[in-house]
Amino acid sequence: MKRTFALGRYTCVERLDSGPLGETWRAKVYGITGVERSYAVRRLRPLLTRDAALFEDLVAAARAYQGLEHAGLLPLYDIGSKASNPYIIYEYVGGIDLTRLRSALLQHAPHRSKISLCIILACSACSACAASY
């Protein structure tokens, strides 16, 4: 049986990944007409919220990020908190992540294709980073 839980109006249905800041989940919102939409929810680690200054820095960074628009950046839709555990809501984009893509390419792509793809991915990542500064 799958573990699901609610964060505000978002029902977390699938754990996607985990990292130093917290866990990322695919969540759904169900409308009154039966329409459902998926979002990505980053649940921040409780340890990060114990330090008030660090937590305020994270909130300020999320607010600043919310105003950015770039093809390489996920739109941020909401910031919330449940039981003193903050979470951030992003657009959900399904598909393969870069770690899996890299692994697949290393196994199957010819040498030149690997280099070309690495350059393309690096340029895309640099472009997204530049948009955030």
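Select Glu23 and Arg15 to begin: their side chains meet in a salt bridge, 3.2 Å from N to O. Keep in mind throughout that this is a predicted model.

**Stop 1: the salt-bridge network**

Stay on Glu23 and add Arg43. These two also form a salt bridge, with the closest N and O atoms 3.0 Å apart. Glu23 sits in strand S3 and Arg43 in strand S4, so the contact ties together parts that are 20 residues apart in sequence. Show Arg15, Glu23 and Arg43 together: salt bridges link them in a network.

Now colour the three by accessibility. Glu23 has a relative accessible area of 16%, under the 20% limit, and therefore counts as buried. Arg15 is partly exposed, at 44% relative accessibility. Arg43 is partly exposed as well, with a relative accessible area of 24%.

Next, select Arg26 and Glu14. Here too the side chains meet in a salt bridge, at 2.9 Å from N to O. The pair links distant parts of the chain: Arg26 belongs to strand S3 and Glu14 to strand S2, 12 residues apart. Which of the two is buried, and which is partly exposed? Arg26 is buried, with a relative accessible area of 15%. Glu14 is partly exposed, at 31%. Over the whole structure, a search finds 4 salt bridges.

**Stop 2: the S3–S4 hairpin**

Select residues 22-30 for strand S3 and 36-44 for strand S4. The strands run antiparallel and are joined by 9 bridges. Step along the ladder. Tyr30 has Glu36 in S4 as its bridge partner. Further along, Ala27 is partnered by Tyr39 in S4.

Then go to the turn. The hairpin has 5 residues between its strands, and Gly34 takes a positive phi near 95° there.

**Stop 3: across to S6**

Keep S4 on screen and add strand S6, residues 85-91. S4 and S6 pair in the antiparallel sense over 5 bridges. For a marker, pick Arg42, which stands opposite Ile88 in S6.

**Stop 4: the whole sheet**

Zoom out to the backbone. In what order do the 6 strands of the open sheet lie? The order is S1-S2-S3-S4-S6-S5, and the pairing is antiparallel. S1 and S5 are the edge strands, each pairing on one side only. From one strand to the next, the twist averages 40°.

Add helix H2, residues 52-66. H2 packs on the sheet, where it touches S4, S5 and S6. Its direction makes about 155° with that of S5.

**Stop 5: two nonpolar cores**

Look at side chains next. In a regular strand, side chains alternate between the two faces of the sheet.

Select Phe5, Leu7, Tyr10, Cys12, Trp25, Ala27, Val29, Tyr39, Val41, Tyr87 and Ile89. These 11 residues make up the largest nonpolar core. Strands S1 (5-7), S2 (10-18), S3, S4 and S6 each give two or more residues to this core. Which strand gives the largest share? S3 does, with 3 residues.

Now select a second, separate core of 7 residues; among them are Ala40, Leu44, Ile88 and Tyr90.

Return to the largest core and centre on Leu7, one of its members. Which residues does Leu7 contact, leaving aside neighbours within four places in sequence? The list is Cys12, Val41, Arg43, Lys82 and Tyr87. Arg43 also appeared at the opening stop, in the network with Arg15 and Glu23.

**Stop 6: Pro75**

Finish at Pro75. The residue is found in the loop between helix H2 and strand S5, which spans residues 76-82. Pro75 is partly exposed, at 31% relative accessibility. Not counting residues up to four places away in sequence, Pro75 touches Ile89, Tyr90 and Glu91. Two of those contacts bring back the cores: Ile89 belongs to the largest one, and Tyr90 to the second.

For a last distance, draw a line from Pro75 to Leu7. Their C-alpha atoms are separated by 19 Å, and the two residues are 68 apart along the chain.

Methods:
Residues are numbered from 1 along each chain as its sequence is written. This is a predicted model: local features need pLDDT of at least 70, side-chain atom pairs count only at pLDDT 80 or more; totals for chains, interfaces and linings use all residues. Side-chain values use heavy atoms; hydrogens and water are left out. Helices (H or I, at least four residues) and strands (E, at least two) are DSSP runs, numbered from the N terminus. Buried means under 20% relative accessible area, exposed over 50%, partly exposed in between (1.4 Å probe, protein chains only). Contact means heavy atoms within 4.5 Å. Two strands pair if DSSP finds at least two bridges between them. A nonpolar core is a set of buried Ala, Val, Leu, Ile, Met, Phe, Trp, Tyr and Cys residues joined through side-chain atoms within 4.5 Å. Axes are lines fitted to C-alpha atoms, for helices over the stretch in contact, and angles run from 0 to 180 degrees between N-to-C directions.
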